[in-house]
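Ready for a few short exercises? Have a look at the structure below, then work through each task before reading its solution.

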Amino acid sequence: MKYIVEIIDEDNIGNGIAKIDNKVIFIKNALKNEKIEIEIIKNNKNYMVGKIINIIEKSNKRVNPICKYYESCGGCNFLHTTFENEINIKTKYLERLFNHEIEYMHVNNELNYRNKVVLHVIKGKLGYFNDKTHEICIINHCNLLSPKINLKISELSKMNLNNINEIMIREIDNNIMINILGNIDNFNIDCDSLYINNKYIKGNEYLIDNINNFKFSIYPESFFQVNKEGMINIYNKAKLYINNGNSLLDLYCGTGTISLWMNECFKKIVGIDINESSIKNANINKKLNNIKNVEFICDDAKNIKERFDSIIVDPPRSGLSKKVIDYLDNSKSNKIVYISCNPNTLKRDIDLLNNYKLTKLSFTSMFPRTKHIECVCLLELLTH
Ligand SMILES: C[S@@+](CC[C@H](N)C(=O)[O-])C[C@H]1O[C@@H](n2cnc3c(N)ncnc32)[C@H](O)[C@@H]1O
């Protein structure tokens with residue numbers, strides 16, 4: 001059935017919102033104030049999903065998506081509007097979610113920012129998995145990736161990729177690292193570091209990035225922020241929020257990048273991460289940067305018991321476990337900085353911390369043009 005609707009609002013993942021007989025309809029890629037002819041493609045008990053057939057009145061914030069895979073890929077959510085409008089939509093969403101003032105930290109690299117991609121290979125064809133259907137979207141270029149990674153993708157697309165399941169490509173300081181997963185022992189490709197099934201084959205065992213006078217080493221299986229500008233924004237904000245003190249815990253420390261960033265502000269820093277490869281990098285980073293006051297431990301965050309003056313947590317999308325919440329809530333640390341790539345789990349976790357109050361909240365575009373949002377917030381100990 002077809003309807004003509006007016007878009008009254010927008011959600012945080014690129015849908016316009018309209019109503020028919022008071023029932024909410026989500027319409028992919030529709031913008032506020034547009035008049036649109038739609039077709040209903042799903043009718044659930046509480047909401048409907050509509051598809052644009054024809055835009056009758058266009059928003060002045062609409063732009064032509066620069067990507068030919070935009071409809072089929074599902075990786076980007078905001079290519080149909082300006083970057084400025086994407087930020088406004090995300091800011092409004094966060095203000096509503098947290099009922100708190102938000103500071104936005106701008107990045108200039110709205111495209112070509114990603115230093116890492118993981119591509120799937122199905123029947124020899126290379127592409128992304130559509131996040132909803134899990135069908136492969138064959139690509140030989142992606143606007144979010146660095147130009148050098150795109151060149152490698154186009155080279156790989158022309159090669160025989162039979163018996164390969166997945167290819168990870170990283171570009172760090174102009175060097176290319178490739179890790180191939182599949183039923184193969186060797187692969188002939190020009191790059192600076194080659195791994196097959198996570199086993200080192202040739203070139204450099206790890207790559208080194210140079211950021212703000214720090215050297216950061218990266219193994220293929222280690223975590224490293226994908227967008228340098230976004231990374232600098234969140235690290236600088238965390239530093240500003242937390243000031244200095246005697247001791248700092250960097251929980252979920254990855255390759256220890258935040259610990260190094262903060263090293264001059266604290267006498268003692270402990271970084272903890274569950275991933276062995278990341279901790280290996282963290283210890284290399286300590287030596288590369290000649291830093292003495294930091295200790296890195298490979299462990300599950302839930303095992304932490306020691307007390308620190310300040311704490312930074314930067315968990316995965318799933319947020320904090322009950323044990324970590326209990327530890328933080330009883331930690332008596334003056335300040336906790338929570339870095340999060342998932343506002344919903346961030347909100348859930350903040351609400352569970354009875355002894356802390358959210359005092360500052362900011363976000364940056366770590367993943368421009370996608371639905372993802374990276375927040376940094378300051379939680380301060382309540383004096384009851
Ligand atoms: C978002 S990354 C943050 C890394 C780091 N703060 C950075 O900026 O590069 C999340 C990290 O949490 C680690 N992790 C996941 N589950 C964990 C757990 N249960 N205990 C400790 N670390 C964990 C992952 O290995 C990953 O390095």
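The exercises below concern a predicted model and go from the whole fold to a single pair of side chains.

**Exercise 1. Describe the overall dimensions and the secondary structure of the protein.**

Solution. Begin with the secondary structure: there are eight helices and 23 strands. Next, draw a box along the principal axes; the C-alpha atoms fill roughly 65 × 65 × 35 Å. Finally, test the radius of gyration. For 384 residues, a compact globule would come out near 21 Å, and the protein has 23 Å, so the value agrees with that expectation.

**Exercise 2. Find the domains, then work out what domain 1 and domain 3 share.**

Solution. First, set the bounds: domain 1 covers 2-75, domain 2 combines 103-109 with 224-381, and domain 3 covers 116-210. Now take the centres of domain 1 and domain 3 over C-alpha atoms, which lie 34 Å apart. Their contact involves seven residues of domain 1 and ten residues of domain 3.

Then turn to area. The two domains bury about 620 Å² between them, with 51% of it on carbon and sulfur atoms. On the domain 1 side, Tyr69, Ser72 and Cys73 provide 67% of the area buried against domain 3, more than any other three residues.

**Exercise 3. Characterise the chemistry of the contact between domain 1 and domain 3.**

Solution. Count the salt bridges between the two domains: the result is zero. Polar contacts come next, and one residue pair qualifies, with both residues at pLDDT 80 or more. Sorting the domain 1 residues that touch domain 3 gives four nonpolar, two polar and one charged.

**Exercise 4. Which side chain meets that of glutamate 57 in a salt bridge, and where do the two residues sit?**

Solution. Recall that side chains of opposite charge can pair when their charged atoms come close. A search of the whole structure gives 15 salt bridges. Glutamate 57 pairs with lysine 35, at 4.0 Å from N to O. Now place both partners: lysine 35 belongs to strand β5 (residues 35-43) and glutamate 57 to strand β6 (residues 47-57). The two are 22 residues apart, and their pairing links distant parts of the chain.

Notes. Residues are numbered from 1 along each chain as its sequence is written. This is a predicted model: local features need pLDDT of at least 70, side-chain atom pairs count only at pLDDT 80 or more; totals for chains, interfaces and linings use all residues. Side-chain values use heavy atoms; hydrogens and water are left out. Domain bounds come from an automatic or database domain assignment. Contact means heavy atoms within 4.5 Å. Buried area is the accessible area (1.4 Å probe) that two parts lose on being put together, summed over both. A polar contact is a pair of N or O atoms within 3.5 Å; within protein, one must be able to donate a hydrogen and the other to accept it, and residues adjacent in sequence count only if both atoms are side-chain atoms. Ala, Val, Leu, Ile, Met, Phe, Trp, Tyr, Cys and Pro count as nonpolar, Asp, Glu, Lys and Arg as charged, and the others, Gly among them, as polar. Helices (H or I, at least four residues) and strands (E, at least two) are DSSP runs, numbered from the N terminus. The radius of gyration is taken over C-alpha atoms; the globule rule is 2.2 Å times the number of residues to the power 0.38.
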